[in-house]
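This report describes the fold of one protein chain, beginning with a single helix and moving outward to its surroundings. The sequence and the model are shown first.

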Amino acid sequence: KAVVDKAVKYTQQAHKSDAADSVYGKNYAVALWKSGKTAEAEKAFKAAIALGAPTEFLHLDYGIFLLAGNNREGAAAQFKKELEIAPDMYEAKLALEKAAGPVKPPRKKSQKPKPAPQPKPEQKKPAAKPAQPGKPK
């Protein structure tokens with residue numbers, strides 16, 4: 001948590017030093033998102049995009065943010081915008097495929113994955129009694 005808080009502080013300072021730089025704005029938005037401040041992060045992403053300075057990874061990161069919030073359509077639109085800026089960006093192509101993929105129902109927080117079955121411990125066979133001298137087997 002302390003590392004993320006420092007990231008927010010430093011990216012905010014960089015963003016304030018040049019508010020017209022969309023890279024600083026994007027980095028600040030990502031730091032806010034990673035710190036759990038999603039509402040502030042969304043505003044920062046939108047502000048960075050509104051600057052109109054196309055930069056690689058801005059739309060990709062915003063799309064990943066939207067996808068994390070289950071906004072698949074919004075995410076796909078951002079990935080497409082990223083591909084307009086950088087048509088060969090593998091990460092954006094992969095993210096677009098993921099956004100368009102099958103919908104998985106979200107797992108409830110209370111649900112825990114079932115534990116994998118554990119192998120049964122081997123049972124030891126009782127040791128054979130040694131034959132006593134003079135007695136038939």
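## Helix α4 and its surroundings

Helix α4 is mostly covered, with 9 of its 11 residues buried. The model in which this is seen is a predicted one. The buried residues of α4 are Leu-58, His-59, Leu-60, Asp-61, Tyr-62, Gly-63, Phe-65, Leu-66 and Leu-67. Their cover includes α2, α3, α5 and α6.

Tyr-62 belongs to this helix, which spans residues 58-68. Because its relative accessibility is 6%, below the 20% limit, Tyr-62 counts as buried. Which residues does Tyr-62 contact, once its neighbours within four places in sequence are left aside? They are Glu-42, Phe-45, Lys-46, Ile-49 and Gln-78. The C-alpha atom of Tyr-62 is also separated by 8.6 Å from that of Ala-29, although the two residues are 33 residues apart along the chain.

## The whole chain

The protein has 6 helices and 0 strands, and along the sequence the pattern reads α-α-α-α-α-α. Of its 137 residues, 28% are buried. The exposed surface amounts to about 10,700 Å², of which carbon and sulfur atoms supply 57%. Among contacts with a separation of 6 or more, 42% join residues 24 or more positions apart.

## The nonpolar core

In soluble globular proteins, nonpolar side chains tend to be buried together. Here the largest nonpolar core has 26 residues, and those with the most contacts inside it are Leu-32, Phe-45, Leu-60, Phe-65 and Phe-79. The elements that contribute two or more residues to this core are α2 (22-34), α3 (38-50), α4, α5 (72-85) and α6 (90-100).

Two of these residues, Leu-60 and Phe-65, also appear among the buried residues of α4. Phe-45, another of the residues with the most contacts inside the core, is a contact of Tyr-62. Leu-32 touches Val-8, Lys-37, Glu-40, Ala-41 and Ala-44, residues up to four places away in sequence not being counted.

## Salt bridges

A search of the whole structure finds 2 salt bridges. They are listed below.

| Salt bridge | Closest N and O atoms |
|---|---|
| Asp-61 with Lys-26 | 3.1 Å |
| Lys-46 with Glu-42 | 3.7 Å |

Because Asp-61 lies in helix α4 and Lys-26 in helix α2, the first pair listed ties together parts that are 35 residues apart in sequence. Are the two partners, Asp-61 and Lys-26, buried or exposed? Both Asp-61 and Lys-26 are buried.

The pair of Lys-46 and Glu-42 is placed within one helix: the residues are 4 residues apart in α3, so they are separated by about one helical turn. An α-helix has 3.6 residues a turn, so residues three or four places apart point the same way. Lys-46 is partly exposed, with a relative accessible area of 47%, and Glu-42 likewise counts as partly exposed at 26% relative accessibility. Both Glu-42 and Lys-46 are in contact with Tyr-62.

## The loops on either side of α4

Most residues other than glycine have a negative phi. Phe-57 has a positive phi, near 80°, and is placed in the loop between α3 and α4. Its relative accessible area is 33%, so Phe-57 is partly exposed.

Just after α4, Asn-70 takes a positive phi of about 65°, although this residue is not a glycine. Asn-70 is placed in the loop between α4 and α5. At 57% relative accessibility, which is over the 50% limit, Asn-70 counts as exposed.

Thr-55 also lies in the loop between α3 and α4. Why does Thr-55 count as buried? Its relative accessible area is 15%, and buried means under 20%, so Thr-55 falls in that class. Leaving aside neighbours within four places in sequence, Thr-55 is in contact with Ser-22, Val-23, Glu-82 and Ile-85.

How values were computed: Residues numbered from 1 in each chain as written. Predicted model: local features only at pLDDT ≥ 70, side-chain atom pairs only at ≥ 80, totals over all residues. Heavy atoms only, no water. Buried < 20%, exposed > 50% of the residue type's maximum accessible area, 1.4 Å probe, protein only. Contact = heavy atoms within 4.5 Å. Core = buried A, V, L, I, M, F, W, Y, C linked by side-chain atoms within 4.5 Å. Areas by Shrake-Rupley, 256 points an atom, 1.4 Å probe, with all protein chains shown as cover. Salt bridge = Lys/Arg side-chain N within 4 Å of Asp/Glu carboxyl O.
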